[in-house]
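Grab a viewer and a pencil, and work through a few exercises on helices, cysteines and backbone angles. Try each task yourself before reading its solution.

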Amino acid sequence: MQNFQNLKYIWIDGQIKKIEECSIDVLNHCMHYGTGAFEGIRVYNGKIFKAKEHFLRLFASANTMQMKLNYSIDQLIQATEEVLEKNQLKNAYVRPLAFRGNGSLRINAENQPSVMIAAWELQKYFHGDKEQKPGVHLGISNFKKPSSEFLPFNAKISGLYSLNHIMRVNSKECDDVIMLDWRDYVAECTTSNIFIVKNNCVYTPIADCFLNGITRKSVIEICHENQISCQETRLTIKDLIQADEIFITGTAIEIMPVLSINTEQQKKIFNPHENSITSKIQNLYNTLTQL
Ligand code: PMP
């Protein structure tokens, strides 16, 4: 349990339980086929950040598997508040998971889904102890993302993340990998979206085959509200190499500068600095989370 600071109680199917009292059956449908929909949510100073957006996405993800949850969005937000209160958390990461439970192991089994919500202390992601990491080193994944015609990539479904897991464990020399899509356009990283800055303009890939992250949408909004030019467009590895700055975005990682990109042909080093566009967006995002 040492990775989950201050996690003592979870909420499961309407009840708060001690974590030691929770177990699942080894014949659980989700464990075999990845039939779960999950979320990652942040809590800043006791306030659940973008709660509605995250739970809406949870329902949409569950819906792709015809999973009908027994709760409303408001009930799940209230359940999250109970978990935070019970674990006495003010700055936390929340992990809701809706999953097909026991019953049948047939692939088309529509076992009644369970919903669980866990939360643990999180101040800054990717930090040693107290300090924010200055940035990340990225590689390029060997695998390509297929088109959304093949898989519903805009859903956070447990089974789909086995691909991200494979990419990550096979790239130990960097912090994360950039996934290209089947057309060789830049898509996203394994748990974040990607942006580049060139000549003071911000660009991000068109989200047509990967998760259109909630943080990604916030960044686009921040840019529009602050007169920073921001365009959704097709990006290639060449655009990454020629960029002035690169940053990645996600609920957990927030806005994180990229320190280097290692492609098969070359390594490009970036020098994040205080006057960069990335730093400006980072500050604006931090203000938003602290409102
Ligand atoms: N892409 C992937 C594959 C992710 O897992 C995440 C994290 N949820 C993101 C992008 C960023 O999404 P969000 O900003 O909603 O956290």
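The exercises below each pose a task and then solve it step by step.

A word on the model comes before we start. This is a predicted model, in which local features need pLDDT of at least 70, side-chain atom pairs count only at pLDDT 80 or more, and totals for chains, interfaces and linings use all residues. Residues are numbered from 1 along each chain as its sequence is written, and side-chain values use heavy atoms, with hydrogens and water left out.

**Exercise 1. Work out how the span of helix α7 compares with the expected one, and find what its buried residues pack against.**

Step 1: Fix the terms. Helices (H or I, at least four residues) and strands (E, at least two) are DSSP runs, numbered from the N terminus. The expected span of a helix is 1.5 Å times one less than its number of residues.

Step 2: Apply them. Helix α7 covers residues 277–289, which is 13 residues. From first C-alpha to last, α7 reaches 18 Å, close to the 18 Å expected.

Step 3: List the buried side. Buried means under 20% relative accessible area, exposed over 50%, and partly exposed in between (1.4 Å probe, protein chains only). In α7 the buried residues are I277, T278, S279, I281, Q282, Y285 and T289.

Step 4: Look for partners. These buried residues pack against the strands β4 (41–44), β11 (193–198), β12 (201–205), β14 (245–250) and β15 (254–262), and against helix α5 (214–225).

Step 5: Zoom in on one residue. S279 lies in α7 and counts as buried because its relative accessibility is 12%. Contact means heavy atoms within 4.5 Å; leaving aside neighbours within four places in sequence, S279 is in contact with H273 and E274. F150, by comparison, is 129 residues from S279 in sequence and 37 Å away in space, C-alpha to C-alpha.

**Exercise 2. Describe α5 and determine how its axis crosses that of α7.**

Step 1: Take the length. α5 has 12 residues and reaches 17 Å from its first C-alpha to its last, close to the 16 Å expected.

Step 2: Sort its residues. I214, T215, R216, S218, V219, I220, I222 and C223 are the buried residues of α5. K217, also in α5, counts as partly exposed because its relative accessibility is 42%.

Step 3: Get the geometry. Axes are lines fitted to C-alpha atoms, for helices over the stretch in contact, and angles run from 0 to 180 degrees between N-to-C directions. The axes of α5 and α7 come within 10 Å and cross at roughly 110°. That makes α5 roughly perpendicular to α7 (angles under 35 degrees count as roughly parallel, over 145 as roughly antiparallel, 65 to 115 as roughly perpendicular and the rest as oblique).

Step 4: Name the contacts. T215, S218, V219, I222 and C223 of α5 meet I281, L284, Y285 and L288 of α7.

**Exercise 3. Find the angle at which α2 and α3 pack, and name the residues that make the contact.**

Step 1: Read the angle. Helix α2 (residues 51–64) and helix α3 (residues 73–86) pack at about 120°, with their axes 10 Å apart. This makes α2 oblique to α3.

Step 2: Identify the residues. On α2 the contact is made by A51, K52, F55, L56, L58 and F59, and on α3 by I73, D74, L76, I77 and T80.

**Exercise 4. How many disulfides does the structure hold, and why do C30 and C174 not form one?**

Step 1: Count. A disulfide is a pair of cysteine sulfur atoms within 2.5 Å, and the structure holds 0 of them.

Step 2: Check C30. Its closest cysteine sulfur, in C22, is 15 Å away, so the distance is too far for a bond. C30 counts as buried because its relative accessibility is 13%.

Step 3: Check C174. Its sulfur is 9.3 Å from the closest cysteine sulfur, in C189, which is also too far for a bond. At 15% relative accessibility, C174 counts as buried.

**Exercise 5. Locate N6 and N45, and state the sign of phi in each.**

Step 1: Start with N6. N6 sits in the segment before β1 (9–12) and has a positive phi of about 60° although it is not a glycine. At 34% relative accessibility, N6 counts as partly exposed.

Step 2: Move to N45. N45 belongs to the loop between β4 and β5 (47–48), and its phi is positive, near 50°. With a relative accessible area of 48%, N45 is partly exposed.
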